[in-house]
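These are notes for a colleague who is opening this structure for the first time. Please read them with the structure in view.

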Amino acid sequence: MTGSIQEKRGYYHTVICTRGEDGKPHYKWQTTGLPVKGNRRKAERILQERMAEQRERAHVIQKDVEFSAFMLEWLEIIRTQVRPNTFHEYELIVKNSVVPYFKKQQIALQDLQPMHIQRYYNKKLKGGVTGNTVKHHHANIRKALQYALKQNWIPYNPADRVELPKVEVFTGNFYTAAEIKQVFELVKDTVLETPVLLTATYGLRRSEALGLKWDAIDFEHHTITIRHTVVGNGRRTLQADHTKNRSSTRTLHLTTSVEEHLKKVLVHQEEMQGFVGKGYDKGGYVCTWDDGSLIKPDYLSQRFKKIISKSSLPVYRYHDLRHSSASLLIANGCTLKEVAEWLGHSSISTTNRYAHLQHQATIKMANSVEQSLFEAG
(Lines give C-alpha, C1' and ligand atoms only; values in the text may rest on other atoms or scores of the structure.)
Protein backbone atom coordinates (compact mmCIF):
# COMPACT_ATOMS: atom_id res chain seq x y z
CA MET A 1 0.00 0.00 0.00
CA THR A 2 1.24 3.47 -0.90
CA GLY A 3 -0.24 6.91 -0.52
CA SER A 4 0.28 10.46 -1.68
CA ILE A 5 -1.16 13.96 -1.52
CA GLN A 6 -2.45 15.41 -4.80
CA GLU A 7 -3.81 18.82 -5.73
CA LYS A 8 -7.14 18.99 -7.56
CA ARG A 9 -9.20 22.11 -8.19
CA GLY A 10 -7.42 24.03 -5.44
CA TYR A 11 -7.90 21.36 -2.77
CA TYR A 12 -5.72 18.58 -1.40
CA HIS A 13 -6.82 15.00 -2.04
CA THR A 14 -5.44 11.79 -0.58
CA VAL A 15 -4.64 9.03 -3.05
CA ILE A 16 -4.19 5.52 -1.63
CA CYS A 17 -2.94 2.77 -3.92
CA THR A 18 -3.62 -0.88 -3.10
CA ARG A 19 -3.28 -4.06 -5.15
CA GLY A 20 -6.11 -6.50 -5.62
CA GLU A 21 -5.87 -10.25 -5.98
CA ASP A 22 -5.16 -9.74 -9.68
CA GLY A 23 -2.03 -7.80 -8.76
CA LYS A 24 -3.26 -4.64 -10.46
CA PRO A 25 -3.10 -1.29 -8.65
CA HIS A 26 -6.33 0.29 -7.42
CA TYR A 27 -6.39 4.01 -6.60
CA LYS A 28 -8.77 5.56 -4.11
CA TRP A 29 -9.14 9.36 -4.27
CA GLN A 30 -10.66 11.26 -1.34
CA THR A 31 -10.83 14.99 -0.77
CA THR A 32 -9.45 16.37 2.49
CA GLY A 33 -11.61 19.46 2.23
CA LEU A 34 -8.46 21.54 2.77
CA PRO A 35 -7.44 24.36 0.41
CA VAL A 36 -3.92 23.92 -0.99
CA LYS A 37 -2.48 27.10 0.48
CA GLY A 38 -0.93 26.55 3.90
CA ASN A 39 -2.43 23.13 4.57
CA ARG A 40 0.22 20.67 3.35
CA ARG A 41 1.05 19.29 6.80
CA LYS A 42 -2.60 18.88 7.78
CA ALA A 43 -3.25 17.01 4.53
CA GLU A 44 -0.28 14.70 5.17
CA ARG A 45 -1.63 13.88 8.65
CA ILE A 46 -5.02 13.03 7.14
CA LEU A 47 -3.27 10.77 4.61
CA GLN A 48 -1.43 8.89 7.37
CA GLU A 49 -4.66 8.46 9.35
CA ARG A 50 -6.53 7.14 6.31
CA MET A 51 -3.71 4.75 5.43
CA ALA A 52 -3.70 3.44 9.00
CA GLU A 53 -7.46 2.87 8.83
CA GLN A 54 -7.06 1.11 5.48
CA ARG A 55 -4.33 -1.16 6.87
CA GLU A 56 -6.43 -2.02 9.91
CA ARG A 57 -9.47 -2.86 7.76
CA ALA A 58 -7.39 -4.94 5.36
CA HIS A 59 -5.34 -6.61 8.07
CA VAL A 60 -6.40 -10.23 8.35
CA ILE A 61 -4.34 -12.43 10.63
CA GLN A 62 -3.71 -15.88 9.19
CA LYS A 63 -3.10 -18.99 11.27
CA ASP A 64 0.55 -19.16 10.23
CA VAL A 65 1.46 -15.44 10.46
CA GLU A 66 4.79 -15.04 12.24
CA PHE A 67 5.06 -12.94 15.38
CA SER A 68 7.91 -10.93 13.81
CA ALA A 69 5.67 -9.99 10.85
CA PHE A 70 2.85 -9.06 13.22
CA MET A 71 5.18 -6.69 15.13
CA LEU A 72 6.02 -4.85 11.92
CA GLU A 73 2.34 -4.60 11.03
CA TRP A 74 1.55 -3.32 14.50
CA LEU A 75 4.11 -0.55 14.04
CA GLU A 76 2.22 0.72 11.01
CA ILE A 77 -1.10 0.53 12.85
CA ILE A 78 0.11 2.75 15.72
CA ARG A 79 2.16 5.14 13.57
CA THR A 80 -0.52 7.84 13.66
CA GLN A 81 -1.68 7.09 17.20
CA VAL A 82 1.45 8.23 19.05
CA ARG A 83 3.79 11.19 18.83
CA PRO A 84 6.57 10.98 16.21
CA ASN A 85 9.21 10.90 18.96
CA THR A 86 7.46 8.01 20.70
CA PHE A 87 6.94 6.11 17.46
CA HIS A 88 10.63 6.49 16.62
CA GLU A 89 11.55 4.86 19.95
CA TYR A 90 9.11 1.99 19.30
CA GLU A 91 10.48 1.54 15.79
CA LEU A 92 14.10 1.30 16.94
CA ILE A 93 13.33 -1.42 19.48
CA VAL A 94 11.03 -3.43 17.23
CA LYS A 95 13.08 -3.30 14.02
CA ASN A 96 16.55 -3.53 15.56
CA SER A 97 15.93 -6.11 18.28
CA VAL A 98 12.52 -7.78 18.51
CA VAL A 99 11.97 -8.60 14.84
CA PRO A 100 15.50 -9.96 14.08
CA TYR A 101 15.34 -12.31 17.08
CA PHE A 102 11.83 -13.68 16.54
CA LYS A 103 12.26 -13.92 12.77
CA LYS A 104 14.95 -16.54 13.37
CA GLN A 105 12.63 -18.40 15.74
CA GLN A 106 9.82 -18.50 13.15
CA ILE A 107 7.14 -18.51 15.84
CA ALA A 108 3.56 -17.86 14.77
CA LEU A 109 1.59 -15.23 16.64
CA GLN A 110 -0.96 -17.78 17.84
CA ASP A 111 1.83 -20.12 18.99
CA LEU A 112 3.71 -17.50 20.99
CA GLN A 113 4.17 -18.60 24.62
CA PRO A 114 5.49 -16.77 27.70
CA MET A 115 8.65 -18.90 27.59
CA HIS A 116 9.47 -17.58 24.10
CA ILE A 117 9.36 -14.01 25.34
CA GLN A 118 11.24 -14.97 28.51
CA ARG A 119 14.07 -16.47 26.48
CA TYR A 120 14.30 -13.26 24.44
CA TYR A 121 14.64 -11.18 27.63
CA ASN A 122 17.21 -13.59 29.08
CA LYS A 123 19.31 -13.41 25.93
CA LYS A 124 19.26 -9.63 26.06
CA LEU A 125 20.34 -9.62 29.70
CA LYS A 126 23.17 -12.08 29.01
CA GLY A 127 24.29 -9.85 26.16
CA GLY A 128 24.82 -6.94 28.55
CA VAL A 129 21.51 -5.11 28.16
CA THR A 130 20.28 -3.57 31.43
CA GLY A 131 17.08 -4.55 33.17
CA ASN A 132 15.71 -1.06 32.49
CA THR A 133 16.22 -1.53 28.75
CA VAL A 134 14.56 -4.95 28.82
CA LYS A 135 11.53 -3.32 30.43
CA HIS A 136 11.34 -0.90 27.49
CA HIS A 137 11.33 -3.89 25.12
CA HIS A 138 8.66 -5.53 27.26
CA ALA A 139 6.44 -2.44 27.06
CA ASN A 140 6.52 -2.62 23.25
CA ILE A 141 5.84 -6.35 23.06
CA ARG A 142 3.07 -6.25 25.62
CA LYS A 143 1.34 -3.30 23.96
CA ALA A 144 1.42 -5.03 20.57
CA LEU A 145 0.05 -8.27 22.01
CA GLN A 146 -2.63 -6.34 23.86
CA TYR A 147 -3.81 -5.09 20.47
CA ALA A 148 -3.86 -8.68 19.15
CA LEU A 149 -5.85 -9.74 22.21
CA LYS A 150 -8.36 -6.95 21.63
CA GLN A 151 -8.84 -8.19 18.07
CA ASN A 152 -9.42 -11.78 19.34
CA TRP A 153 -6.37 -13.03 17.43
CA ILE A 154 -4.89 -14.59 20.59
CA PRO A 155 -6.66 -16.06 23.68
CA TYR A 156 -4.50 -14.18 26.24
CA ASN A 157 -1.49 -11.87 26.42
CA PRO A 158 1.62 -14.05 26.95
CA ALA A 159 3.67 -10.98 27.90
CA ASP A 160 1.67 -10.77 31.12
CA ARG A 161 3.08 -14.11 32.27
CA VAL A 162 6.82 -13.47 32.11
CA GLU A 163 9.23 -12.57 34.91
CA LEU A 164 10.77 -9.14 34.48
CA PRO A 165 14.25 -8.24 35.76
CA LYS A 166 14.68 -5.88 38.68
CA VAL A 167 15.25 -2.26 37.81
CA GLU A 168 18.81 -1.24 38.61
CA VAL A 169 19.26 1.44 41.26
CA PHE A 170 20.17 4.73 39.61
CA THR A 171 23.83 5.65 40.00
CA GLY A 172 24.37 8.68 37.81
CA ASN A 173 27.72 10.34 37.28
CA PHE A 174 28.21 13.97 38.25
CA TYR A 175 30.75 16.63 37.45
CA THR A 176 31.64 19.02 40.25
CA ALA A 177 31.27 22.77 39.80
CA ALA A 178 35.03 23.06 39.21
CA GLU A 179 34.92 20.26 36.63
CA ILE A 180 31.98 21.84 34.80
CA LYS A 181 33.99 25.04 34.48
CA GLN A 182 36.73 22.96 32.84
CA VAL A 183 34.12 21.48 30.49
CA PHE A 184 33.07 25.01 29.51
CA GLU A 185 36.67 25.81 28.58
CA LEU A 186 37.02 22.62 26.54
CA VAL A 187 33.95 23.36 24.39
CA LYS A 188 34.47 27.11 24.11
CA ASP A 189 34.15 28.46 20.56
CA THR A 190 32.91 25.10 19.27
CA VAL A 191 29.42 24.12 18.09
CA LEU A 192 29.00 22.32 21.44
CA GLU A 193 29.42 25.44 23.55
CA THR A 194 25.78 26.57 23.60
CA PRO A 195 24.08 23.19 24.19
CA VAL A 196 26.63 22.28 26.89
CA LEU A 197 26.09 25.62 28.63
CA LEU A 198 22.30 25.17 28.55
CA THR A 199 22.38 21.57 29.77
CA ALA A 200 24.86 22.17 32.59
CA THR A 201 23.07 25.31 33.75
CA TYR A 202 19.43 24.30 33.41
CA GLY A 203 19.70 20.51 33.41
CA LEU A 204 18.06 20.36 29.98
CA ARG A 205 17.65 17.04 28.24
CA ARG A 206 19.64 16.72 25.03
CA SER A 207 16.40 16.98 23.04
CA GLU A 208 15.42 20.16 24.90
CA ALA A 209 18.78 21.89 24.41
CA LEU A 210 18.84 21.16 20.68
CA GLY A 211 15.13 21.98 20.37
CA LEU A 212 15.40 25.43 21.95
CA LYS A 213 14.10 28.16 19.64
CA TRP A 214 14.61 31.89 19.75
CA ASP A 215 10.89 32.51 20.22
CA ALA A 216 11.21 30.68 23.55
CA ILE A 217 13.71 33.22 24.88
CA ASP A 218 12.41 36.49 26.32
CA PHE A 219 15.30 38.90 26.81
CA GLU A 220 12.93 41.60 28.07
CA HIS A 221 11.65 39.52 30.98
CA HIS A 222 14.82 37.40 31.26
CA THR A 223 13.13 34.02 30.82
CA ILE A 224 13.68 30.85 28.84
CA THR A 225 10.78 28.50 28.08
CA ILE A 226 11.32 24.84 27.29
CA ARG A 227 8.64 23.73 24.81
CA HIS A 228 10.36 22.30 21.72
CA THR A 229 12.44 19.15 21.24
CA VAL A 230 14.74 17.63 18.65
CA VAL A 231 15.44 13.92 18.85
CA GLY A 232 17.02 11.42 16.52
CA ASN A 233 19.05 8.33 15.96
CA GLY A 234 21.52 7.88 13.16
CA ARG A 235 20.32 9.67 10.04
CA ARG A 236 16.85 10.50 11.33
CA THR A 237 16.13 13.74 13.18
CA LEU A 238 12.66 14.56 14.46
CA GLN A 239 11.53 18.05 15.44
CA ALA A 240 8.52 18.50 17.70
CA ASP A 241 6.59 21.43 19.15
CA HIS A 242 6.16 19.65 22.47
CA THR A 243 8.27 18.27 25.30
CA LYS A 244 8.57 14.79 26.80
CA ASN A 245 5.61 15.36 29.13
CA ARG A 246 3.44 18.18 30.44
CA SER A 247 5.78 18.92 33.36
CA SER A 248 8.72 19.20 30.98
CA THR A 249 7.23 22.38 29.51
CA ARG A 250 8.55 24.99 31.90
CA THR A 251 9.72 28.60 32.09
CA LEU A 252 12.97 29.38 33.90
CA HIS A 253 14.87 32.56 34.72
CA LEU A 254 17.76 33.48 32.45
CA THR A 255 21.03 33.70 34.33
CA THR A 256 23.17 36.71 33.47
CA SER A 257 25.95 34.59 31.95
CA VAL A 258 23.59 32.52 29.81
CA GLU A 259 21.72 35.63 28.65
CA GLU A 260 24.93 37.37 27.59
CA HIS A 261 26.07 34.23 25.75
CA LEU A 262 22.74 33.84 23.92
CA LYS A 263 22.81 37.47 22.77
CA LYS A 264 26.24 36.85 21.24
CA VAL A 265 24.96 33.69 19.54
CA LEU A 266 22.01 35.64 18.10
CA VAL A 267 24.31 38.31 16.68
CA HIS A 268 26.55 35.64 15.18
CA GLN A 269 23.59 33.88 13.55
CA GLU A 270 22.38 37.14 12.04
CA GLU A 271 25.85 37.75 10.60
CA MET A 272 26.02 34.22 9.19
CA GLN A 273 22.55 34.57 7.67
CA GLY A 274 23.76 37.62 5.76
CA PHE A 275 26.90 35.79 4.69
CA VAL A 276 25.25 32.51 3.62
CA GLY A 277 22.22 34.16 2.04
CA LYS A 278 19.39 32.05 0.62
CA GLY A 279 21.10 28.83 1.67
CA TYR A 280 20.72 29.68 5.36
CA ASP A 281 18.31 27.46 7.29
CA LYS A 282 15.78 29.75 8.97
CA GLY A 283 14.39 27.15 11.36
CA GLY A 284 14.71 29.53 14.30
CA TYR A 285 16.78 27.18 16.48
CA VAL A 286 19.41 28.39 18.94
CA CYS A 287 21.88 25.49 18.69
CA THR A 288 22.89 25.28 15.04
CA TRP A 289 25.78 25.07 12.63
CA ASP A 290 26.90 28.26 10.90
CA ASP A 291 24.45 27.66 8.04
CA GLY A 292 21.53 27.48 10.47
CA SER A 293 21.10 23.72 10.16
CA LEU A 294 20.38 21.57 13.20
CA ILE A 295 23.04 19.77 15.19
CA LYS A 296 22.24 16.05 15.17
CA PRO A 297 21.65 14.57 18.64
CA ASP A 298 24.04 11.66 18.11
CA TYR A 299 26.80 14.01 16.94
CA LEU A 300 26.43 16.09 20.10
CA SER A 301 26.82 13.05 22.38
CA GLN A 302 29.69 11.51 20.44
CA ARG A 303 31.62 14.74 20.01
CA PHE A 304 31.21 15.61 23.68
CA LYS A 305 32.69 12.29 24.77
CA LYS A 306 35.58 12.66 22.33
CA ILE A 307 36.46 16.14 23.61
CA ILE A 308 36.30 15.05 27.26
CA SER A 309 38.42 11.95 26.56
CA LYS A 310 41.31 14.19 25.52
CA SER A 311 41.30 15.95 28.89
CA SER A 312 42.05 14.93 32.47
CA LEU A 313 38.35 14.91 33.35
CA PRO A 314 36.41 11.68 33.90
CA VAL A 315 34.63 10.65 30.71
CA TYR A 316 30.90 10.81 31.37
CA ARG A 317 27.92 10.89 29.01
CA TYR A 318 26.50 14.15 27.71
CA HIS A 319 23.31 13.33 29.65
CA ASP A 320 25.34 13.36 32.88
CA LEU A 321 25.56 17.13 32.56
CA ARG A 322 21.85 17.08 33.44
CA HIS A 323 22.61 15.02 36.55
CA SER A 324 25.45 17.41 37.37
CA SER A 325 23.03 20.34 37.28
CA ALA A 326 20.75 18.53 39.73
CA SER A 327 23.61 17.73 42.09
CA LEU A 328 24.74 21.38 42.13
CA LEU A 329 21.22 22.57 42.93
CA ILE A 330 20.94 20.13 45.83
CA ALA A 331 24.42 21.01 47.09
CA ASN A 332 23.26 24.62 47.24
CA GLY A 333 20.27 23.78 49.42
CA CYS A 334 17.47 23.32 46.87
CA THR A 335 14.76 20.81 47.79
CA LEU A 336 13.87 17.79 45.68
CA LYS A 337 10.57 19.47 44.75
CA GLU A 338 12.42 22.53 43.48
CA VAL A 339 14.86 20.36 41.53
CA ALA A 340 11.95 18.42 40.00
CA GLU A 341 10.40 21.64 38.72
CA TRP A 342 13.76 22.88 37.39
CA LEU A 343 14.46 19.64 35.52
CA GLY A 344 10.88 19.16 34.33
CA HIS A 345 10.27 15.79 35.98
CA SER A 346 6.73 14.46 35.67
CA SER A 347 6.90 12.90 39.13
CA ILE A 348 8.83 13.57 42.32
CA SER A 349 9.63 9.85 42.37
CA THR A 350 11.98 10.46 39.44
CA THR A 351 13.77 13.15 41.41
CA ASN A 352 14.10 10.85 44.43
CA ARG A 353 17.11 9.30 42.69
CA TYR A 354 18.99 12.33 44.03
CA ALA A 355 17.82 11.82 47.62
CA HIS A 356 21.26 10.61 48.74
CA LEU A 357 22.74 13.90 47.52
CA GLN A 358 20.20 15.85 49.52
CA HIS A 359 21.20 13.85 52.60
CA GLN A 360 24.83 14.83 52.02
CA ALA A 361 23.75 18.47 51.73
CA THR A 362 21.94 18.29 55.07
CA ILE A 363 25.07 16.82 56.69
CA LYS A 364 27.03 19.80 55.39
CA MET A 365 24.42 22.20 56.80
CA ALA A 366 24.35 20.35 60.12
CA ASN A 367 28.13 20.63 60.40
CA SER A 368 27.85 24.34 59.65
CA VAL A 369 25.36 24.78 62.49
CA GLU A 370 27.59 22.72 64.79
CA GLN A 371 30.57 24.93 64.08
CA SER A 372 28.58 28.12 64.59
CA LEU A 373 26.83 27.19 67.84
CA PHE A 374 28.85 24.62 69.67
CA GLU A 375 32.52 24.68 68.72
CA ALA A 376 34.85 26.93 70.64
CA GLY A 377 35.88 30.04 68.80
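1. Two cysteines, to begin with. The model is a predicted one. Cys17 is buried, because its relative accessibility of 13% falls under the 20% limit. Cys287 is buried as well, at a relative accessibility of 2%. How many disulfides are there in the count? The count comes to 0 disulfides. A disulfide is a covalent bond between the sulfur atoms of two cysteines.

2. The chain as a whole. It holds 14 helices and 8 strands. Of its 377 residues, 42% count as buried. Contacts between residues at least 6 apart in sequence can be sorted by their separation: 59% of them join residues at least 24 apart.

3. The open sheet. Which strands form it, and in what order? The sheet has 3 strands in the order β4-β5-β8, and their pairing is antiparallel. The edges are β4, residues 217-218, and β8, residues 250-253, each of which pairs on one side only. Between β4 and β5 (residues 223-226) there are 2 bridges, while β5 and β8 are joined by 4 bridges.

4. Thr223 and its partners. On the β4 side, Thr223 of β5 is the bridge partner of Asp218. On the β8 side, Thr223 stands opposite His253. A viewer who wants to trace the sheet can therefore start at Thr223 and go from there to Asp218 and to His253.

5. The faces of β8. In a regular strand the side chains alternate between the two faces of the sheet. In β8, Arg250 and Leu252 point to one face and are buried. Thr251 and His253 point to the other face and are not buried.

6. The loop between β4 and β5. His222 lies in this loop. Its phi is near 60°, a positive value in a residue other than glycine. Is His222 buried or partly exposed? His222 is partly exposed, because its relative accessible area of 33% lies between the limits of 20% and 50%.

7. A second positive phi. Gln106 is not a glycine either, yet its phi is positive, at about 55°. Gln106 is found in the loop between α3 (84-105) and α4 (114-126). Gln106 counts as exposed, because its relative accessible area of 59% is over 50%.

8. Lys103 in α3. The helix that comes before the loop of Gln106 also contains Lys103. Lys103 is exposed, with a relative accessibility of 55%. Leaving out residues up to four places away in sequence, Lys103 touches Glu66 and Ser68. Glu66 is 37 residues from Lys103 along the chain, and the C-alpha atoms of the two are separated by 7.6 Å.

9. Helix α7. Why is this helix, residues 193-202, described as largely enclosed by the rest of the structure? The reason is that 8 of its 10 residues are buried. The buried residues are Thr194, Pro195, Val196, Leu197, Leu198, Thr199, Ala200 and Tyr202. After α7 comes Gly203, with a positive phi near 65°.

10. Helices α11 and α12. Helix α11 covers residues 320-331 and helix α12 covers residues 336-343. The two pack at an angle of about 145°, and their axes are 10 Å apart. The crossing of α11 past α12 is right-handed. From α11, the contact involves Arg322, Ser325, Ala326, Leu329 and Ile330. From α12, it involves Leu336, Val339, Trp342 and Leu343. By type, the residues of this contact are 7 nonpolar, 1 polar and 1 charged.

11. Ser324, also in α11. This residue belongs to helix α11. Ser324 is buried, with a relative accessible area of 0%. What does Ser324 touch, residues up to four places away in sequence not being counted? Ser324 touches Asn173, Phe174, Tyr175 and Ile180.

Definitions and conventions:
Residues numbered from 1 in each chain as written. Predicted model: local features only at pLDDT ≥ 70, side-chain atom pairs only at ≥ 80, totals over all residues. Heavy atoms only, no water. Buried < 20%, exposed > 50% of the residue type's maximum accessible area, 1.4 Å probe, protein only. Axes fitted to C-alpha atoms, helices over the stretch in contact; angles between N-to-C directions. Left-handed = near helix turned anticlockwise from the far one by under 90°. Contact = heavy atoms within 4.5 Å. Nonpolar A, V, L, I, M, F, W, Y, C, P; charged D, E, K, R; others polar. Disulfide = S-S within 2.5 Å.
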